[in-house]
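The exercises below go through one chain, from its strands to its largest pocket. Each task is followed by a solution in steps.

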Amino acid sequence: MGPAPRMAAVLAVGVLAVAGCSDQPEPEPSPTSSSTTPAPSSSTPSGTASPSRTSSVPAGFSLDAVASPTFPDLGGNLGGIGVVRVGHHAGYDRVVWEFEGTGAPTYSVKYVDEPIGDGSGDPVPVRGQAYVEVLITSVGIPAGGASRPPDASASSLSGTVIAQASAIYGGFEGYGQTFIGVRDRERPLRVSVLANPTRLVVDVANG
């Protein structure tokens with residue numbers, strides 16, 4: 001799906017607060033972070049009533065789709081590769097994509113019923129019972145000879161609610177796409193962006 005269809009799909013998406021992330025402790029949300037507000041999400045795993053939608057949601061987290069204020073407009077030049085890592089924290093498990101480029105990215109993060117590849121329209125195999133689609137811009141073409149970075153290791157996923165977290169290797173028309181597989185159900189999310197280096201952070205509540 002190119003930018004035009006995607007733009008129509010995400011116009012209903014609101015915006016959320018920006019926070020921080022990594023395997024090692026990184027800064028938490030600060031008063032200088034730009035803020036966004038969540039918008040309603042209609043996706044729930046097919047045939048499943050998500051227990052998390054009837055339980056308490058931690059402060060700063062949401063089950064709704066979230067996007068940066070200017071998405072689907074393209075953002076800063078992030079480069080062609082987003083290296084991924086996962087870390088366990090009290091109350092949440094954190095997925096971080098780090099880019100070598102510069103500038104403020106735009107993003108959209110939401111639960112989907114089925115992981116579908118951007119551009120190809122083909123199903124994407126993702127482990128887990130619930131699926132978070134992550135789109136971030138602007139992601140270019142990896143430099144010639146650049147190796148695809150590994151996905152999050154089994155050891156980093158152990159003890160977390162994250163079943164799979166994949167690296168970003170190149171984009172389709174500037175949009176880098178990846179998915180987070182959550183082990184059991186839709187869980188509240190918190191989305192953040194950090195600079196120097198540029199990182200997109202998705203925290204998944206684990207309580």
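**Exercise 1.** What is the order of the strands in the open sheet that has β1 in it, and in which sense do they pair?

Solution. The model is predicted; local features are given at pLDDT of at least 70 and side-chain atom pairs only at pLDDT 80 or more, while totals for chains, interfaces and linings use all residues. Numbering starts from 1 along each chain as its sequence is written, and side-chain values use heavy atoms, with hydrogens and water left out.

Step 1. Fix the terms. Helices (H or I, at least four residues) and strands (E, at least two) are DSSP runs numbered from the N terminus; two strands pair if DSSP finds at least two bridges between them.

Step 2. Read the order. The 5 strands run β1-β4-β5-β8-β6 in an open sheet, with antiparallel pairing. Its edges are β1 (66-67) and β6 (162-165), each of which pairs on one side only.

Step 3. Look inside the sheet. Strand β5 (residues 130-137) is joined to β8 by 8 bridges in the antiparallel sense. One point to locate is Val-134, whose bridge partner in β8 is Thr-178.

**Exercise 2.** Which strands form the open sheet that contains β10, and which are its edge strands?

Solution. Step 1. The order is β7-β2-β3-β10-β9, an open sheet of 5 strands with antiparallel pairing. The edge strands β7 and β9 (189-194) each pair on one side only.

Step 2. Follow β2 to its partners. Strand β2 (residues 81-89) meets β7 over 2 antiparallel bridges, and Ile-81 stands opposite Tyr-169 in β7. With strand β3 (residues 92-99), β2 makes 8 antiparallel bridges; here His-88 faces Asp-93 of β3 as its opposite residue.

Step 3. Inspect the turn. The hairpin of β2 and β3 has 2 residues between the strands, and Gly-91 in this hairpin takes a positive phi near 95°.

**Exercise 3.** How many helices and strands does the chain have, and what pattern do they follow along the sequence?

Solution. Step 1. The chain has 2 helices and 10 strands. Read along the sequence, they follow α-β-β-β-β-β-α-β-β-β-β-β.

Step 2. Add the totals. Of the 207 residues, 52% count as buried (under 20% relative accessible area; exposed is over 50%, partly exposed in between, with a 1.4 Å probe and protein chains only). Among contacts (heavy atoms within 4.5 Å) between residues at least 6 apart in sequence, 74% join residues at least 24 apart.

**Exercise 4.** Where are the cis peptide bonds at Ser-138 and Pro-197, and which residues other than glycine have a positive phi?

Solution. Step 1. State the background. Most residues other than glycine have a negative phi, and most peptide bonds are trans.

Step 2. Take the cis bonds. Thr-137 and Ser-138 are joined by a cis peptide bond with omega of about -5°; Ser-138 lies in the loop between β5 and α2 (154-157). The bond from Asn-196 to Pro-197 is also cis, with omega near 0°, and Pro-197 sits in the loop between β9 and β10 (198-205).

Step 3. Take the phi values. Asn-196, in the loop between β9 and β10, has a positive phi near 55° and is exposed at a relative accessible area of 76%. Glu-173 has a positive phi of about 55°; Glu-173 belongs to the loop between β7 and β8 and is partly exposed, at 46%.

**Exercise 5.** Which residues lie nearest the centre of the largest pocket, and which strand supplies the largest share of its lining?

Solution. Step 1. Define the site. A pocket is an open set of points on a 1 Å grid over the protein atoms alone, where a 1.4 Å probe fits, with protein on both sides within 12 Å along at least five of seven lines; lining residues have an atom within 4 Å of a point.

Step 2. Name the residues. The lining has 18 residues, of which Val-124, Arg-148, Gln-177, Thr-178 and Phe-179 lie nearest the centre.

Step 3. Assign the lining to strands. β7 (168-169) and β8 (175-182) each supply at least two lining residues, and the largest share, 4 residues, comes from β8.
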